[in-house]
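Look over the sequence and the structure shown here. The report that follows starts from a single residue and then widens to the rest of the fold.

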Amino acid sequence: MKSNLQFDFLVDKGNNTLTIVREFSAERQLVWDCYTKQELLDQWFAPKPFTTKTKSMDFSNGGHWHYAMVDPEGKEYWGYTEYYDVNPIDFYRTIDAFCDSEGTINQNLPRAKWHVTFNDKGENSTVTTVVTYDSLNDLETIINMGMEEGMIATLEKLDELLATLKK
């Protein structure tokens, strides 16, 4: 079934953007909830074998999500997302950064602006994510860090979670 779901990973080096389009076998409200509720994000937002843990989250305009992806040995990789434009079940915009456990932004790694849009597609839904970087170098850094492979593995975990939530 997964193979029939749309997945596009488009790199636009002229505009320093990644566009990721992913179809899910679930209604839009449920997919929205999985992207915006801490207890659900913690169940899928990291590629296997990593897990996710949230330190703090306020999903609202001006809010944030401070979280870590944790590898099997317990090493933590921290991220900080600032929400600045939230329009429930349609879209949200963020600024995303790598940080430490205290939320201090890592200035040596790229920051990005994310525009995440949710749409109906028959009985399914799609999520279109446009990620904009400040420079081509930043975009290439993220691609070389394994962004495409990481997104594929992470979104497959979301497929698994959605299948359990729909039952």
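F50 has a relative accessibility of 25%, so it counts as partly exposed, because that class lies between under 20% for buried and over 50% for exposed. The model described here is predicted. F50 sits in the loop between α2 and β3. Leaving aside residues up to four places away in sequence, F50 touches M69, V70, D71, Y77 and K157. The C-alpha atoms of F50 and D33 are 21 Å apart, and the two residues are separated by 17 places along the chain.

The loop between α2 and β3 also holds P49. The peptide bond that joins K48 and P49 is cis, with an omega of about 5°.

**The sheet**

In what order do the eight strands of the open sheet lie? The order is β1-β2-β8-β7-β6-β5-β4-β3, and the pairing is antiparallel. The edge strands are β1, residues 7-12, and β3, residues 51-57, each of which pairs on one side only. On average, neighbouring strands of this sheet are turned by 20° against each other, direction ignored. As general background, the strands of a sheet pair through backbone hydrogen bonds, in either a parallel or an antiparallel way.

The table lists some of the strand pairs, with the number of bridges and one pair of opposite residues for each.

| Strand pair | Bridges | Opposite residues |
|---|---|---|
| β1 and β2 | six | D12 and T17 |
| β2 and β8 | eight | E23 and T126 |
| β3 and β4 | six | M57 and W65 |
| β4 and β5 | seven | H66 and Y80 |

Two of these pairs are hairpins. β1 and β2 form a hairpin with four residues between them. N16 is in the turn of that hairpin and has a positive phi of about 55°, although N16 is not a glycine. N16 is buried, because its relative accessible area of 15% is under 20%. The other hairpin is formed by β3 and β4, with six residues between them. In its turn, G62 has a positive phi of about 85°.

A further positive phi is found at I89, in the loop between β5 and β6. Phi of I89 is near 50°, and I89 is a residue other than glycine. I89 is partly exposed, with a relative accessible area of 25%.

**Strand β2**

Is β2 largely enclosed or largely open? Eight of the eight residues of β2 are buried, so this strand is largely enclosed by the rest of the structure. In a regular strand, side chains alternate between the two faces of the sheet. T17, T19, V21 and E23 point one way from β2, while L18, I20, R22 and F24 point the other way. The residues of both sets are all buried.

**Helix α1**

Helix α1 covers residues 28-36 and lies across β2, β3, β5, β6, β7 and β8. The helix runs at about 155° to β7. Eight of the nine residues of α1 are buried, so α1 is largely enclosed by the rest of the structure. The buried residues are R28, L30, V31, W32, D33, C34, Y35 and T36. D33 is thus the buried residue of α1 whose C-alpha atom was placed 21 Å from that of F50 above.

**The largest pocket**

Rolling a probe the size of a water molecule over the atoms shows where empty space is left. The largest pocket holds about 950 Å³ of space. Which of its 38 lining residues are closest to its centre? They are F45, Y67, M69, F98 and M147. One of these, M69, is also among the residues that F50 touches. The elements that give two or more residues to the lining are α2, β4, β5, β6, β7, β8 and α4. Of these, α2 spans residues 38-44 and α4 spans residues 147-165.

**The annotated region**

An unreviewed UniProt entry carries the annotation "domain: Activator of Hsp90 ATPase homologue 1/2-like C-terminal" for residues 26-162. Over residues 26-162, the chain is 30% helix and 40% strand. The C-alpha atoms at the two ends of this stretch are 7 Å apart.

Technical notes:
Residues numbered from 1 in each chain as written. Predicted model: local features only at pLDDT ≥ 70, side-chain atom pairs only at ≥ 80, totals over all residues. Heavy atoms only, no water. Pairing = 2+ DSSP bridges. Axes fitted to C-alpha atoms, helices over the stretch in contact; angles between N-to-C directions. Contact = heavy atoms within 4.5 Å. Buried < 20%, exposed > 50% of the residue type's maximum accessible area, 1.4 Å probe, protein only. UniProt positions renumbered as here; feature names shortened; annotations may be inferred. 1 Å grid on protein atoms, 1.4 Å probe; cavity = no way out; pocket = protein on both sides within 12 Å on 5 of 7 lines; lining within 4 Å. Points joined across faces, edges and corners; volume = space filled by probe spheres on them.
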